[in-house]
Amino acid sequence: MACDALRHACSGFKTGDVSSANSATLGLRQSPNAIEMFLEAINGLGGGQDESLELFHAILGLQAVVLKRWESQSSPHPHFLRDFLFYIGIKSGEGTKHYPWPMVPNKSAIAAAAVLWKRSYLAASESQPSSTSQFHPNTAIPLLTSPSDLFQFVRNVLTTGTEIERSNATMFLSTLLSELNSGTLKSKTNMNQTMDFHKRSQAKFYETGLNPSVELAITSLQTVLTPPHPSPSYIGKIIELVIDVLSWEFSPRNSWTMVATSSQALIKPPIYLAPQLIKPDLLGLMFTLYHDVRANSEATQVSHQLRQLILSFASLSGQIFESDQIRASYSTIIVDGMLSLLSASPTDPSELQDIATICTRLVLNFKLKILSKLPSFGMWISALVNLSTSLIASITASVEAHGGDFDCLDDEWKFEVFDELIECFVLIAEDPSLFAPGPVTMETIQNIKSSLSPIYPTALLSRIKMSRAEEKFYTMEGKDLDEVRESISAADLTDQIINVSTIGRLNFQNSISCFEAEISKVLASLKVLFDSNNPDVTPDAAALLEEARILIMFAGHLLTDTCPGETATIPSQILEACSSSVPGAAGIVASIASVVGGLMFLAEFQASKIASTPSDPNLSPLLGEQLTSFFTTFASSYVAPNTRDYDSSMLDETSPLMGGLFGVEVSSHRFLEFSVSVATHYFCYWPQEKELIKSSTELLIVLCKNPGTRKLLPNSDSWKKLAGLFIVAGSLSNIGPAPAVDPGVLTNHRLDMGLVSGFKRLNYDARGGVLSILTCGCGGMGDTVSKSIMNEVLGVAHGVLGRLLAGIEGQGGGGNVGENAVAVDMCCLAVELYGGICRSPFAGIVDFEDGGSSDKGESYILTRFVTPSLSKLAGLMVLFGGNMTICASLLRCFKDYSESYIAFLSAAESTALYSASNVLLEGYSTLTKGGKLNRGKEDEEEEEEQEYFDVVCAIQLLNHLGTKEFMDCVDGNNPGSVSDFVSGEAAAAPIEVTDVLFFGISQLLPLVSGLLQYPKLCSQFFDLVGYVVETYPEKLDKVPPDFFEGLVGSMLWGMGNVDEQVGKHCLAGIEALAKEHLGGGLRTVVGEKPETFKVCVGKLLREIVFVHSVVQDRMDSCGGCLMVLIAVDLGYFTGYVRDMIGELGGAGGGGIERQQQQLVLAAFESLVNLETIQAGINGKGNVGRQARKLFKKNFQLFVQHVHSFLHTL
């Protein structure tokens, strides 16, 4: 009868009516006699393929019912049912006597038994009958009353059972480990238990089950590794069990943990497992078996499993090795084993990938301190180097054979193996033992460097050949990589070059010599190409230009380090190689000088060619950009280096690198002249190449900020020429032809009309960049030349703005000036020039005219220049702000000024800035509300978020205005109020900066409401809102109620944002408002919006607290916010919780059970302790540190407790 019922329930699965079948099987589980019915079905079904589905659902149903009725079920006892499923799981399988089941029901029985064993693992032994024969008429199943009984039973099966039984026992142990190894939130089975239950189960297993599991796994492994070997299938199951044991994660009482380093993971078992795991003979057996099976095509899976097993044992680390001697003997076996595999010339992709990974793990784990002393270390490294060079040579040959078409390659796996080997070599190259006296001898260090020396030249030459072939192919086919693929390819190439260069520095002399030879050949070919004046770019020419670009990339990463945010210095290995005490150092320095000199020649030669033939297609802006990028990083480290940036123990001040190359004034001056001259050519002859102009600007900024080259600027002819060019042409409009310039002026500045006409075409943003360069280089210099240049270039910006304002006034003060093309163009120019001043890195350098005082109230030359113009610039927003370019430029200008100079402004200058900012934001608000802002894209490929660059700038401006340094400078005497500014009725008298902030937010709030899906904009907006609300909550009592409601609503939306920082800012803001209200504040605005904090409670509970994916990464912020909201109105909170839990019960079977409702309610009651909350919050709404700490701890336990059994709300 039970069998028939189950067959009927499962029929829908076979006919496609899955919904009906799910409902039918669920109905069977809800039957009062469900357990007896499922038992009868398990014993009565035949178990053939035709009934495997019914068996599967019978076992699954029995598991679910037993878990649900665990506490109430007495006959049969849950332990009986657990052992019944365990026994038939061990005994079942195709061909067995009593349970000849297919794989699916067999695995289901094993998995169910593991789940029930986890559920009962904490239970004490109980008085139980001695058998479960009632479950099957022909089988007596002994009861297992404790974990020790379980492991003894498994041990007996693994010793004396059939191979099927042993396989099943192994599978059971792996499943049990998986169940107990995963925490509550990762658990595969919902047991309706708390987090504490799962933690205690894991801890109990660690005490009583982990050691026997390891013992059984290792013993079984040793058995299958020793001849005669069982079937490959059984060997594979044992290997999987051992890997599962070694993958244990949870670490009660200082167990093992997985420590991530780079992309690898080391396994750190407890020391008491050392006798079982640290067995060199076991490692030897692994390699012996591997050699036996690697050639067997039927054992491919076992081969891979064995390699994964070796990888796991190569990852063992930490205190399990009691001494370095044990480490050495252990690692010797693995190194020798890997050497034997490498000697067998492997060709299988999977095998080679695993070999490379294991070798990388060995270096990561044992370091050179251990590995370098092994007898076979040198041969092992040489074998890896040979493998890597042969792989890259093979890849190169394949690329060339396919004519550069990478899409046709069928051996791309070789790239992955090569990259893994390179990572291994990088770990060796960066090992501290190579750079400090210690356990590794100098002879060994030299041998390592010598062994790795072929890597750099091989990789360099191969990469050049592949790049040539690929570029030639795309040019011939008239194709380009799509943008995404090109970006990925460029990132991969850069990473590879960085890694190869790190290895190349080990034998720097060899590497730089190889590079010098290659670049010399390419430079000669490029000179011929540029002299040819060929009207077309041939495939060979394109390949040559790409080869040059790749070589320049290699040069940059070999000679310099990418260190954003750090002071750039010459790499220590290069300094050491070029030390005056090192034989051959002079030759190395000469090679560096030759390489850099060759690249300087290339840049100058191309620049001279673009002056005469700028449209020559073989002259490459991309090559120019790569060159200027190289010179920027090179100049940061090598040109006029500051000895104070170097460790005295590594510094050799007599080294040519610190003096003779580009360190002394003569050589630094030569590099400065070259850089300014080349950049000027790019400004004038390639003004539309944005990336090239940007990199040229960065190069000159680096030189202007360097004290060693900065002092040389007044005597630089190229610098004076650039300044004269800006003075003459900086104010010229892009519209129309260049006006005639007095020949005397041109002669005075050593200019010609070609330069002037070219500079006139430079876009205004780039022209502002040139002004940034000039103000940075001249600011703070006490000489007459710098002062004169500074005054004249600032006069250019002042004159453009003056002419614009005079023209506007001449038209009656505005009118339709925004539609006048000439006026719009001049406005763009004026704003960008002032923007260039505001972005100048000169910020903070005192004007020496005023005595060089460093007092905070000192008047700085640029702030003194900009301050009188701020109100005039702000006024342009209303007149021209309908133009998206001008609107964004104005906001960016103010944002950059406040960011760069806010710390140095006097009180008067500060007042001028926030007054002008208020006018600017008023004008911006008028435009956005009136729909007058044209957001048409200038570039169809522009990222969508860039459309709202103006909004981002406005947010950043307010963020900068709210910084503490600014607040310290502000005069707090203010007769105006926040309400006046939020409503748009700003007082004429001086105002507080908080007025500007709240006014700005009130204008931005409607605008950003539809844009918060953009991550950058969203993050910055809530960073601003959170800061302002958290810092000045008392100010919000005077704002309009609708604005207050909108502000709180935005924070309620943001507190659940996927960006955890956004969520934390919003939670902190709501908490600050609740505290202010508790302290007696916000009475007016909350009186107008009395539901404010009630809405906050509901949103916080439903959308944050009970959404596991959200609450976990903002636990502390959520707890702090909830504590204060509870204190605001405990009665409402209690009633709301009870109502919410009542809703969770739900009608129609969609809610949670009553038992779970009671658990949730009990958890809330435990969390909400009125005395604790009230004692922690004083009359002003301030929360005591200890009370807050205690509540947060209790809240974390509450969340873990509830989420351990509650999955849906």
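These legends accompany several close-up views of one predicted model.

**View 1. The whole chain, a predicted model with 53 helices and two strands.**
The chain has 1209 residues, and buried residues make up 54% of them. Among the contacts with a sequence separation of 6 or more, 76% are between residues 24 or more positions apart. The chain exposes about 49,400 Å², and 52% of that area is supplied by carbon and sulfur atoms.

**View 2. The second largest pocket, with a space of about 1,600 Å³.**
The pocket is lined by 47 residues, and the closest to its centre are Arg463, Glu470, Ser489, Ala490 and Leu493. Two or more lining residues come from each of helix 18 (413-429), helix 20 (455-477), helix 21 (483-504), helix 23 (539-559) and helix 26 (621-638). Helix 21 gives the most to this lining, with 13 residues. By residue type, the lining of the second largest pocket divides into 20 nonpolar, nine polar and 18 charged residues.

**View 3. The second largest cavity, with a volume of about 50 Å³.**
Five cavities of 30 Å³ or more are counted in the model, and this view shows the second largest cavity, which is lined by 10 residues. Arg82, Ser120, Ala123, Thr145 and Ser146 are the lining residues that lie nearest its centre. Helix 5 (78-91) and helix 6 (103-120) each supply at least two residues of this lining, and the lining as a whole consists of five nonpolar residues, four polar residues and one charged residue.

**View 4. Ile381, a residue of helix 17 (residues 377-401).**
Ile381 has a relative accessible area of 2%, and because buried means under 20%, this residue is classed as buried. Leaving aside residues up to four places away in sequence, Ile381 touches Ile428, Ser451 and Leu452. The C-alpha atom of Ile381 is also separated by 8.9 Å from that of Leu339, although the two residues are 42 residues apart along the chain.

**View 5. Val417, a residue of helix 18.**
Is Val417 buried or exposed? Its relative accessibility is 1%, so Val417 counts as buried. When residues up to four places away in sequence are not counted, Val417 touches Pro349, Leu352, Gln353, Ala356 and Leu391. One of these partners, Gln353, is 64 residues apart from Val417 in sequence, yet the two are 5.2 Å apart in space, C-alpha to C-alpha.

**View 6. Ser1050, a residue of helix 44 (residues 1041-1054).**
The relative accessibility of Ser1050 is 10%, and therefore this residue counts as buried. Not counting residues up to four places away in sequence, Ser1050 touches Leu1005, Phe1021 and Phe1022.

**View 7. Cysteines Cys359 and Cys893, in a structure where a search finds zero disulfides.**
Cys359 is in no disulfide, and the nearest cysteine sulfur, that of Cys424, is 6.0 Å away. With 0% relative accessibility, Cys359 counts as buried. Cys893 is likewise in no disulfide, and here the nearest cysteine sulfur, that of Cys838, is 3.7 Å away. Because a disulfide needs two cysteine sulfur atoms within 2.5 Å, the pair Cys893 and Cys838, at 3.7 Å, is not counted as one. Cys893, at 2% relative accessibility, counts as buried.

**View 8. The cis peptide bond that joins Pro227 and Pro228.**
The omega angle of this bond is about -5 degrees. Pro228 is found in the loop between helix 10 (210-225) and helix 11 (232-246).

**View 9. Asn533, a residue other than glycine with a positive phi.**
The phi of Asn533 is near 55 degrees, and the residue lies in the loop between helix 22 (508-532) and helix 23. At 47% relative accessibility, Asn533 counts as partly exposed.

**View 10. Arg750, which has a positive phi although it is not a glycine.**
The phi of Arg750 is about 60 degrees, and its place is in the loop between helix 31 (743-748) and helix 32 (753-760). The relative accessibility of Arg750 is 54%, and because exposed means over 50%, this residue counts as exposed.

Notes. Residues are numbered from 1 along each chain as its sequence is written. This is a predicted model: local features need pLDDT of at least 70, side-chain atom pairs count only at pLDDT 80 or more; totals for chains, interfaces and linings use all residues. Side-chain values use heavy atoms; hydrogens and water are left out. On a 1 Å grid over the protein atoms alone, a cavity is a set of points where a 1.4 Å probe fits but cannot get out, and a pocket is an open set with protein on both sides within 12 Å along at least five of seven lines; lining residues have an atom within 4 Å of a point. Grid points are joined across faces, edges and corners, and a volume is the space filled by probe spheres set on the points. Helices (H or I, at least four residues) and strands (E, at least two) are DSSP runs, numbered from the N terminus. Ala, Val, Leu, Ile, Met, Phe, Trp, Tyr, Cys and Pro count as nonpolar, Asp, Glu, Lys and Arg as charged, and the others, Gly among them, as polar. Buried means under 20% relative accessible area, exposed over 50%, partly exposed in between (1.4 Å probe, protein chains only). Contact means heavy atoms within 4.5 Å. Accessible areas come from the Shrake-Rupley method with a 1.4 Å probe; for residues, only the protein chains shown count as cover.
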